[in-house]
Each structure stands twice: as C-alpha cells, then as structure tokens.
Amino acid sequence: MNDSADMQGRTEGERGHGCLGGAPIPRCAAGSAALLLSWAGTAIADSGDERLSVVGIDAREYSILSILETDGPGSQQELARLLGKVPAIVVSAVDSLEQRGLVERTRDPSDRRRTRVTLTAAGTDTLAEAHRVADATVAELFSGLDAAELRQLQELMTRGMGLDQPVAPA
C-alpha cells in the first residue's frame, strides 16, 4: 500500500475524517449533533437541485409541492411562512409551478380575497418521483446506514422535532 494514501484513497492528512456525499467532514463534527446535522443539511442542499433536475423541479419547488401534499391547500402567505421565505420568493416559485401545470391557484370560497394553491395530478406525479430521488439521495449520502437505520434516523428526527404530535384543530 502507498504510504501517502490509505485503502479508501484518502491522504494521510484526511485519515479519520468522515465523508458525506464525497465531501470530507472534520472529526470535530462527531462530537456535536448540531455540526453533524449542519453538514448533512449542507450536503443534501448542495446536491438537491442537481438531482431533482431530472424530475424538472428544484429543491424549493420540491418543498412547496411537499407542503401542499401534506399540509393541504394553503395560501401563498402560508407557504411562505412554512418555508421561512419572503412571500415574493414563493409567488415566483408558484408562478413557475403553475406555468408547468404542477399547481393551480383558485379563490378560497370562504374568503374571495384569498388565493389557494393546490397540487394538480401532474404535480402529484412529479412529487412522487421527487420523493424517490430525495430518498435515493439520502440513502447515498448516508451509505453507512442500512434501510432500517435510515428509517430509524427519520423516526428519531421526526419525534425529536415534535412532528409526531397530533395537530390541534384550528
């Protein structure tokens, strides 16, 4: 074996570092859940747009379609709040999704001033494919975990973030 590289092709200075999606992760991250989650989030975000492009959407649009699927028809204001983005950014993304036939805007029958955004059948199909791409991306980035461990990771994060709690009626 070459003295300057180990069996995984890492140089001597990189030994002991983790790797996520091909990017090295410093050892300091192992001691901090915050750093681990940050590095994982960055790796997912960095590859998200590229990988989702095969479905014809980007990461923001994937988030919007996912919110519409699970949180129900909402206004653009509600979408902006759930995304943590200013409404103008969401309006632009919804415009693009609507032009491609993935969502539609309708007037709320109970409040004509409010516009609701809903998924179309094409949006539902696109979202299903995007979920497959996202799941494959996570499985690749966390290649050290098997399918059961990936489910457990998702369950732990869901519970830890309080997303497993019933939603109080409005």
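Biologist: How many helices and strands does the secondary structure of the protein chain come to?
Modeller: This is a predicted model: local features need pLDDT of at least 70, side-chain atom pairs count only at pLDDT 80 or more, and totals for chains, interfaces and linings use all residues. Residues are numbered from 1 along each chain as its sequence is written, while side-chain values use heavy atoms and leave out hydrogens and water. Helices (H or I, at least four residues) and strands (E, at least two) are DSSP runs, numbered from the N terminus. The chain comes to 6 helices and 5 strands.

Biologist: In what order do the elements run from the N terminus on?
Modeller: Write α for a helix and β for a strand. From the N terminus on, the order is β-β-α-α-β-α-α-β-β-α-α.

Biologist: What percentage of the 170 residues is buried?
Modeller: Buried means under 20% relative accessible area, exposed means over 50%, and partly exposed lies in between (1.4 Å probe, protein chains only). Of the 170 residues in the protein chain, the buried part is 27%.

Biologist: In what order do the 3 strands of the open sheet stand?
Modeller: Two strands pair if DSSP finds at least two bridges between them. S3 (residues 74–75) and S5 (residues 111–119) pair antiparallel over 2 bridges. S4 (residues 103–108) and S5 also run antiparallel, joined by 6 bridges. The order is S3-S5-S4.

Biologist: Which strands stand at the edges of that sheet?
Modeller: An edge strand here has a single partner strand, so one side of it is left without a neighbour in the sheet. The edge strands are S3 and S4.

Biologist: Which residue in S5 stands opposite serine 75?
Modeller: Look across from S4 to S5 to begin. Valine 103 has leucine 119 as its bridge partner, arginine 105 faces valine 117, and threonine 106 faces arginine 116. Serine 75 also has its opposite residue in S5: arginine 116.

Biologist: Is glycine 74 buried or exposed?
Modeller: Glycine 74 lies in strand S3. Contact means heavy atoms within 4.5 Å. Leaving aside neighbours within four places in sequence, glycine 74 is in contact with Leu68, Arg114, Thr115, Arg116 and Val117. Its relative accessibility is 6%, so glycine 74 counts as buried.

Biologist: Which residues of H3 are exposed on the other side from its buried ones?
Modeller: Gln76, Leu79, Ala80 and Leu83 are buried in H3. Seen down the axis, they fall within an arc of 100 degrees, so they line one face of the helix. The arc is that of the directions from the helix axis to the C-beta atoms. On the other side, the exposed residues are Gln77 and Arg81.

Biologist: Why do the buried residues of H5 lie on the same side of the helix?
Modeller: In H5, Gly123, Thr126, Leu127, Ala130, Val133, Ala134, Thr137 and Leu141 are buried. They lie on the same side because they cover an arc of only 125 degrees. On the other side, Ala121, Asp125, Arg132 and Asp135 are exposed. The arc that settles it is 125 degrees.

Biologist: How far does H5 reach from its first C-alpha to its last?
Modeller: The expected span of a helix is 1.5 Å times one less than its number of residues. H5 has 21 residues, and 30 Å is expected. Its reach is close to that, at 30 Å.

Biologist: Which helix supplies the largest share of the largest nonpolar core?
Modeller: A nonpolar core is a set of buried Ala, Val, Leu, Ile, Met, Phe, Trp, Tyr and Cys residues joined through side-chain atoms within 4.5 Å. This core has 22 residues; Ile57, Tyr62, Ile64, Leu65, Leu79, Leu97 and Val103 touch the most other members. H2 (59–71), H3 (76–83), H4 (87–99) and H5 (121–141) each supply at least two residues. The largest share, 5 residues, comes from H2.

Biologist: Which residues of H5 are in contact with leucine 65, leaving aside its neighbours within four places in sequence?
Modeller: Leucine 65 is in contact with Ile57, Leu97, Leu102, Val103 and Leu119, among others. H5 covers 121–141. Its residues in contact with leucine 65 are Gly123, Thr126 and Leu127.
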